[in-house]
Each structure stands twice: as structure tokens, then as C-alpha cells.
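Reader: I am new to this structure and would like a close look at a single part of it. Please take me through that part slowly, and link each feature to its surroundings where you can.

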Amino acid sequence: IPICELAGSKCITYLLEKSRVVSVSEGERTFHIFYQMLGAPDTDKEQIWKEGLVGFDTSDFAYLRNVPADNIDGLASGDNWSETVDALSIFGIHDDLFLHLMRSLCVILQLGNLTFGMDVVEGEERSTISSPDVLSKLSSIMGVSEQEIESAMTKRSFSMRGEEVTIALKDNEAKDGCD
């Protein structure tokens, strides 16, 4: 294999578009990295997030569940995992930075699995997270308490005339904010 040196580059901002993650069109797939990470060897998955990746596949994640299982141009499978890891390493994304990046992607996948329901408290309808096991995993990977996550997902706070106001979200509002 010939050895190459990077002579220059042009950086273009590339965002993780919500529509490409949460509502993929029929026959389309989301970003290749999700499929590659799920197809990675278990030893790599253990380092990233043992409780949420080892033994799991696309059918376990709502954002990936309704997409074709075949490869797109051979790029979106575990077969390309090592190439992706090597490519990221060339750009200085390795060790802890690599793990943080992959765990961030796991957070995105886990957020998609959160479900919301409605509860009535003091005569007011309020959304609540109705998937405690998913919330527990999310808390684990994020390092944030379940209570803090639930509060952030089911309430909206804002300032009005210098006063802090918190309102409860409906279940569909909470899910939209989560996505």
C-alpha cells in the first residue's frame, strides 16, 4: 500500500441532521457510523458501552429499526468498522476522544428508545418517561441522574418578566423535544 501524506484540506461544517436520524425515508438509511458501530467486534463494543451495545443490533434501536438491513455501497456495516476507526485516528480522534464520540452516538440511539406517557398530577396532565429501563441505560451512558434527564425531557423552563417559569410538556411535545 502506498504511503500518502495529507497536503491540504477544506473543512465544511457537517451537522448530524435530525431528519437523517429520527425519520429516515423509506428505502433510506441513517448515518453509516451507527451501523458500523453496531457491527463492531464485541471487544470494541465493550469498551464503548458494554450494557448498551454488546448483544444488540439495529432492531434494538428505534432510529434504526425500520431501515433496510443490507449495506449501502458496502460502507454501512461492521466490515468497515476498523477502516472507520483508522480514519478517525488519522485525524487525531482516538483513545478517550474516540470513546467520547462513540458514546455520544450511543446517547443519540438511546434517546430514540425513550417513550413518553401522560400522568395527571394535581389535575394537570404531564408527560412522564414510560420506559424506565431505557432511562436507566441513558443515565448510565450520560453520567446524569435519571431524575435530571426526566426533568429535562418532560418540562420546559423559561424566564418571563424576570421570573423563572417551568411548565409540564405533553407526551408528544416531550418526544418531539427528545428527538
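**Charged pairs and the hairpin**

Author: Lys-175 is partly exposed, with a relative accessible area of 24%. The model is a predicted one, and a good place to begin in it is the salt bridge that Lys-175 forms with Asp-179, in which the closest N and O atoms are 3.3 Å apart. Asp-179 also counts as partly exposed, at 28% relative accessibility, because the range for that class runs between the limits of 20% for buried and 50% for exposed residues.

This pair belongs to a count of four salt bridges, and another of them leads to the hairpin. There, strand β1, residues 116–121, and strand β2, residues 124–129, pair in the antiparallel sense over six bridges. Phe-116 has Ile-129 of β2 standing opposite, while the turn that joins β1 and β2 into a hairpin has two residues between the strands, and Glu-122 in this turn has a positive phi of about 50°.

Within the range of β2, the side chains of Arg-126 and Glu-124 meet in a salt bridge, with a distance of 3.4 Å from N to O. Arg-126 is partly exposed, its relative accessible area being 29%, and Glu-124 is likewise partly exposed, with a value of 37%.

Glu-125 takes part in a salt bridge as well, and its partner is Lys-170, with the closest N and O atoms 3.9 Å apart. Lys-170 lies in the loop between β4 (163–168) and α9 (171–178), whereas Glu-125 lies in strand β2, so the pair ties together parts that are 45 residues apart in sequence. As for their accessibility, Lys-170 is partly exposed, with a relative accessible area of 36%, and Glu-125 counts as partly exposed at 42%.

The loop that holds Lys-170 follows β4, whose residues are 163–168, and that range takes in Ile-167, which brings us to a nonpolar feature. Phe-158, Met-160 and Ile-167 form a nonpolar patch on the surface, and together they have about 230 Å² of accessible area. Phe-158 has its place in strand β3, which covers residues 155–160, and Phe-158 is partly exposed, with a relative accessible area of 30%.

To draw the charged part together, Glu-125 in strand β2 is tied to Lys-170 in the loop before α9, Arg-126 and Glu-124 meet in a salt bridge of their own, and Lys-175 forms the one with Asp-179 with which this account began.

Technical notes
Residues numbered from 1 in each chain as written. Predicted model: local features only at pLDDT ≥ 70, side-chain atom pairs only at ≥ 80, totals over all residues. Heavy atoms only, no water. Pairing = 2+ DSSP bridges. Helix = DSSP H or I, 4+ residues; strand = E, 2+ residues; numbered from the N terminus. Patch = residues over 30% accessible without salt bridge, like charges linked within 9 Å, V, L, I, M, F, W, Y side chains within 5 Å. Areas by Shrake-Rupley, 256 points an atom, 1.4 Å probe, with all protein chains shown as cover. Buried < 20%, exposed > 50% of the residue type's maximum accessible area, 1.4 Å probe, protein only.
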